[in-house]
Amino acid sequence: LLLDVSLYAVLPMANELEIEVAAGTYLKQSQVIIIGASADSQNQERIVVDINLVPLGEKFDNTYVMLTYERFLQKKVPLNKTLLEIMK
């Protein structure tokens with residue numbers, strides 16, 4: 001996930017970001033885990049957030065994986081703009 005906010009702004013808001021990603025991917029918050037964040041190598045003003053999505057069962061089915069991939073690729077995982085404003 002690539003965000004236009006500072007690295008230090010995301011860390012205190014990680015829980016809220018997990019809630020937003022969970023809602024946008026039809027998962028429970030407990031299934032979304034932020035595992036890291038680092039500055040974007042091409043633009044130091046942005047950060048790359050590493051997120052693990054954890055299935056409730058043994059694994060996600062292929063349909064869910066493709067739909068979720070497309071949601072992220074097409075930027076259809078809505079993030080609360082107010083939350084992103086606070087992070088800036």
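**Entry 1: the sheet**

Two strands are taken as paired here if DSSP finds at least two bridges between them. With that in hand I looked up the sheet of this predicted model, and I found an open sheet of three strands in the order E1-E3-E2, with antiparallel pairing. Strand E1 (2-3) and strand E2 (32-39) stand at the edges with a single partner strand each, so one side of each has no neighbour in the sheet.

I then went through the pairings. E2 and strand E3, which covers residues 47-53, run antiparallel to each other and are paired over seven bridges. Within this pairing I noted that Ala-37 has Val-49 of E3 as its bridge partner, and that Ile-34 is partnered by Ile-51 of E3. E1 and E3 are also antiparallel, and two bridges join them; here I found Leu-2 with Val-48 of E3 as its bridge partner. As a reminder to myself, strands of a sheet pair through backbone hydrogen bonds, in either a parallel or an antiparallel sense.

**Entry 2: the whole chain**

I next listed the elements of the protein and counted four helices and three strands, which follow one another from the N terminus as β-α-α-β-β-α-α. The protein has 88 residues, and 28% of them count as buried. For the accessible surface I have a value of about 6100 Å², with 54% of it belonging to carbon and sulfur atoms. I also asked how the contacts are spread along the sequence: among contacts with a separation of 6 or more, 55% are between residues 24 or more positions apart.

**Entry 3: helices H2 and H3**

Which elements does H2 lie across? Helix H2, residues 14-25, lies across E1, E2 and E3, and runs at about 120 degrees to E2. I then looked at H2 together with helix H3 (residues 62-73), and noted that their axes come within 10 Å and cross at roughly 120 degrees. The two helices are therefore oblique to each other. On the H2 side the contact is made by Val-21, Gly-24 and Thr-25, and on the H3 side by Tyr-64, Thr-68, Arg-71 and Phe-72. I sorted the residues of this contact by character and obtained three nonpolar, three polar and one charged.

**Entry 4: the loop between H2 and E2**

I checked three residues in this loop, beginning with Tyr-26, which lies between H2 and E2. Tyr-26 has a phi near 60 degrees, a positive value in a residue other than glycine. I marked this down because most residues other than glycine have a negative phi. The relative accessible area of Tyr-26 is 64%, so Tyr-26 counts as exposed.

Is Leu-27, in turn, buried or exposed? Leu-27 is placed in the loop between H2 and E2, and its relative accessibility is 14%, which falls under the 20% limit, so Leu-27 counts as buried. Apart from its neighbours within four places in sequence, Leu-27 is in contact with Ala-22, Val-32, Leu-53, Phe-60 and Tyr-64. For Leu-53 I also looked up the C-alpha separation from Leu-27, which is 8.4 Å, with the two residues 26 apart along the chain.

Gln-31 also lies in the loop between H2 and E2, and at 6% relative accessibility Gln-31 counts as buried. Leaving out neighbours within four places in sequence, I found Gln-31 in contact with Asn-52, Leu-53, Val-54, Pro-55, Leu-56 and Phe-60. Between Gln-31 and Val-54 the C-alpha to C-alpha distance is 4.7 Å, although the two are 23 residues apart in sequence.

**Entry 5: two further loop residues**

Where does Asp-40 lie? I located Asp-40 in the loop between E2 and E3, and since its relative accessible area is 9%, Asp-40 counts as buried. Setting aside its neighbours within four places in sequence, the contacts of Asp-40 are with Leu-2, Arg-46, Ile-47 and Val-48. I note that Leu-2 and Val-48 are also the bridge partners recorded above.

My last check was Lys-75, in the loop between H3 and helix H4 (81-87). Lys-75 has a positive phi of about 55 degrees, although this residue is not a glycine. With a relative accessibility of 75%, Lys-75 counts as exposed.

Key. Residues numbered from 1 in each chain as written. Predicted model: local features only at pLDDT ≥ 70, side-chain atom pairs only at ≥ 80, totals over all residues. Heavy atoms only, no water. Contact = heavy atoms within 4.5 Å. Axes fitted to C-alpha atoms, helices over the stretch in contact; angles between N-to-C directions. Parallel < 35°, antiparallel > 145°, perpendicular 65-115°, else oblique. Nonpolar A, V, L, I, M, F, W, Y, C, P; charged D, E, K, R; others polar. Buried < 20%, exposed > 50% of the residue type's maximum accessible area, 1.4 Å probe, protein only. Areas by Shrake-Rupley, 256 points an atom, 1.4 Å probe, with all protein chains shown as cover.
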